[in-house]
Amino acid sequence: MPIHFGTDGWRAVISDSFTFDNLRIVAQAIADAVASEHWNKSPGVDVNKIVVGYDTRFLSDRFAGEVSRVLAANGFTVLLAQADSPTPAISFAVKNNNAIAGVMITASHNAPRYNGLKLKAAFGGSALSEQCRRVEVYINDNEEQARGPNLMDFKKARDAGLIQKFNPLTAYFEHLNKLIRTDIIADNPQRFVVDAMYGSGRGVIKSFLQGTGCEIAEIRGEMNPGFGGVHPEPIAKYLGPLASAVSSGMGNFGVVTDGDADRIGAMDERGNFVDPHKIMALSLKYLVENRGMTGAVVRTVSTTRMIDRLAKRYGLKLYETPVGFNHIADYMMKEDVLIGGEESGGISFKGHIPEGDGPIMGLLLVEMIAASKKSLYEMVEDLLADVGPALYERADLRLSRPIAKAEMTEFLTQKAPKEIGGQNVDEVSQRDGVKYIMADDSWLLIRPSGTEPVLRVYAEGRSMEMVKALLAYGKTVAESVV
């Protein structure tokens with residue numbers, strides 16, 4: 001089975017194509033790509049050092065050990081995390097240790113039967129697409145040459161100092177201390193629930209806030225590689241346990257991170273899911289109004305336009321990107337960006353690495369609630385009264401056949417409606433799929449999945465009726481295509 005190395009690495013079903021053999025092949029290709037003259041080697045970077053981390057999935061620790069053996073056999077010094085860790089903590093460790101690259105064993109928010117590998121670049125974010133392509137070239141090249149992976153005995157590599165275990169959280173916490181105002185939190189300590197969804201964010205927020213007086217109840221924080229049978233994705237339908245914990249009085253609100261803790265979600269005291277759109281809008285407002293920060297604002301094409309309205313009010317530049325945090329990271333590296341985020345919950349802000357980070361956004365949310373002296377429900381209500389209303393829904397529609405993105409984009413652009421739900425279509429954008437933007441700032445985005453025969457339909461409206469009208473239109477289009 002061919003190994004496809006995509007934009008954020010490789011993921012596959014455990015013991016089907018995600019096997020020790022295939023993982024060694026990928027690790028060898030990474031070693032070859034990083035050692036090649038094509039790899040981006042910026043000044044001050046240790047070209048022989050690679051950081052390896054892993055999440056809480058089945059065999060992740062063993063898979064990370066295997067990757068380390070291959071890298072050590074190729075002459076790299078490997079800094080291997082001593083326990084499961086959040087992806088952003090590993091990404092920060094790459095930058096902080098001046099390593100040339102990082103490898104994170106995780107399948108992020110995917111179903112429990114999957115595992116995967118994310119490749120990190122020296123700047124502390126996802127590897128660039130040309131770097132990922134380079135790895136794929138070596139996978140194919142090594143196969144053609146029948147060149148197997150180099151492998152070194154784990155104990156020998158440790159004795160030789162080629163594999164060194166370390167705790168990525170120590171430096172990560174030091175860094176977070178510069179970005180999160182723990183004094184504000186300590187002045188008004190919060191009682192809340194953290195839902196780790198059995199992922200590698202477990203214990204992180206709780207440990208960081210030790211000594212601030214906060215009372216934190218953590219749920220789903222034990223080791224459970226099956227994730228309790230659900231996808232470890234922080235969306236409303238998987239958060240029954242968090243809703244129960246909040247309603248039974250374990251805390252006044254809830255914060256949730258995904259399987260590898262690079263995504264964030266929240267829940268107010270009434271059990272309402274507070275989605276990443278609202279978290280990002282609240283964060284932007286807080287960073288500007290309370291901390292006096294400035295900079296550009298970057299959001300993906302599928303993220304709320306409340307962000308646009310706030311950016312306009314503050315006179316900040318706004319950039320819209322295709323879906324995927326790597327596009328946001330591009331801006332974070334070349335410009336002064338205040339905040340960047342996407343609807344799936346990957347958000348980061350100024351001073352931090354160009355990567356979605358669940359723990360830091362959860363901590364920022366705690367700081368905002370402590371500073372506001374209001375409940376999370378009241379803060380969201382104030383936000384919606386100010387720059388809303390904004391109601392959002394997404395539907396994934398299965399197609400009977402895969403459809404080329406270009407073909408779909410052309411079809412949707414040519415067949416653009418004059419109006420939907422009584423609102424004129426003011427603008428048609430083709431940044432990623434096709435987006436119809438209405439006169440009242442409502443919008444409908446239709447984009448085919450790059451990996452499966454699915455049409456993703458996203459809608460944001462000023463009323464529930466408008467959202468329903470937009471989604472209904474999206475469904476009609478999906479039916480007409482096939």
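**Figure 1. Helix H10 crossing helix H14 in the predicted model.** In this predicted model, helix H10 (residues 276-289) packs against helix H14 (residues 376-387) at an angle of about 80°, and their axes lie 11 Å apart. H10 is therefore roughly perpendicular to H14. On the H10 side, look for Lys-278, Ala-281, Leu-282 and Lys-285. Their counterparts in H14 are Leu-376, Met-379, Val-380, Leu-383, Leu-384 and Asp-386. Sorted by class, this contact holds 7 nonpolar and 3 charged residues, with no polar ones. As a reminder for reading the helices here, an α-helix has 3.6 residues a turn, so residues three or four places apart point the same way.

**Figure 2. Helix H11 and its surroundings.** Helix H11 (residues 306-314) is mostly covered, with 7 of its 9 residues buried. The buried ones are Met-306, Ile-307, Asp-308, Arg-309, Leu-310, Ala-311 and Tyr-314. If you are following on from the previous figure, H10 and H14 appear again here: the buried residues of H11 pack against both of these helices, and also against strand S12 (296-300) and strand S13 (318-321). Just after H11 comes Gly-315, whose phi is positive at about 70°.

**Figure 3. The six-stranded open sheet.** The 6 strands of this open sheet come in the order S1-S5-S4-S2-S3-S6, and their pairing is mixed. Strand S1 (10-13) and strand S6 (163-166) stand at the edges; each has a single partner strand, so one side of each is left without a neighbour in the sheet. On average, and ignoring direction, neighbouring strands are turned by 20° against each other. For orientation, strands of a sheet pair through backbone hydrogen bonds, either parallel or antiparallel.

**Figure 4. Strand S5 between its two partners.** Which strands pair with S5 in the antiparallel sense? One is S1, joined to strand S5 (residues 114-121) by 4 bridges in an antiparallel arrangement. Two of the residue pairs are worth picking out: Trp-10 has Leu-117 in S5 as its bridge partner, while Arg-11 has Gly-116. The other is strand S4 (residues 99-105), which pairs with S5 over 5 bridges, again antiparallel. There, Gly-102 stands opposite Lys-120 in S5. S5 itself is mostly covered, since 7 of its 8 residues count as buried, meaning under 20% relative accessible area.

**Figure 5. Phe-123 in the loop after S5.** Phe-123 sits in the loop between S5 and helix H4 (129-144). Is this residue buried or partly exposed? With a relative accessible area of 23%, Phe-123 is partly exposed. Setting aside neighbours within four places in sequence, Phe-123 is in contact with Lys-95, Leu-128, Met-333, Ile-353 and Pro-354. For a sense of distance, Phe-123 and Asp-61 are 62 residues apart in sequence and 24 Å apart in space, C-alpha to C-alpha.

**Figure 6. The enclosed helix H3.** Helix H3 (residues 87-96) has 8 of its 10 residues buried, so it is largely enclosed by the rest of the structure. The buried residues are Thr-87, Pro-88, Ala-89, Ile-90, Ser-91, Phe-92, Ala-93 and Val-94. Just after H3, Asn-98 takes a positive phi of about 55°.

**Figure 7. The largest nonpolar core.** This core has 59 residues, and those touching the most other members are Phe-192, Leu-209, Leu-284, Ile-339 and Leu-376. Which helix gives the most to this core? Helix H13 (residues 358-372) does, with 9 residues. Apart from this core lies another, of 42 residues, including Trp-10, Val-45, Tyr-54 and Ile-163.

**Figure 8. Leu-209 and Val-366 side by side.** Not counting residues up to four places away in sequence, Leu-209 touches Ile-185, Phe-192, Cys-214, Ile-216, Leu-363 and Val-366. Val-366 belongs to helix H13 and is buried, with a relative accessible area of 0%. By the same sequence rule, Val-366 touches Ile-185, Gln-190, Phe-192, Leu-209 and Phe-253. Ile-185 and Phe-192 thus appear among the contacts of both Leu-209 and Val-366. Away from this spot, Leu-80 is 31 Å from Val-366 in space, C-alpha to C-alpha, and 286 residues apart from Val-366 in sequence.

Definitions and conventions: Residues numbered from 1 in each chain as written. Predicted model: local features only at pLDDT ≥ 70, side-chain atom pairs only at ≥ 80, totals over all residues. Heavy atoms only, no water. Axes fitted to C-alpha atoms, helices over the stretch in contact; angles between N-to-C directions. Parallel < 35°, antiparallel > 145°, perpendicular 65-115°, else oblique. Contact = heavy atoms within 4.5 Å. Nonpolar A, V, L, I, M, F, W, Y, C, P; charged D, E, K, R; others polar. Pairing = 2+ DSSP bridges. Core = buried A, V, L, I, M, F, W, Y, C linked by side-chain atoms within 4.5 Å. Buried < 20%, exposed > 50% of the residue type's maximum accessible area, 1.4 Å probe, protein only.
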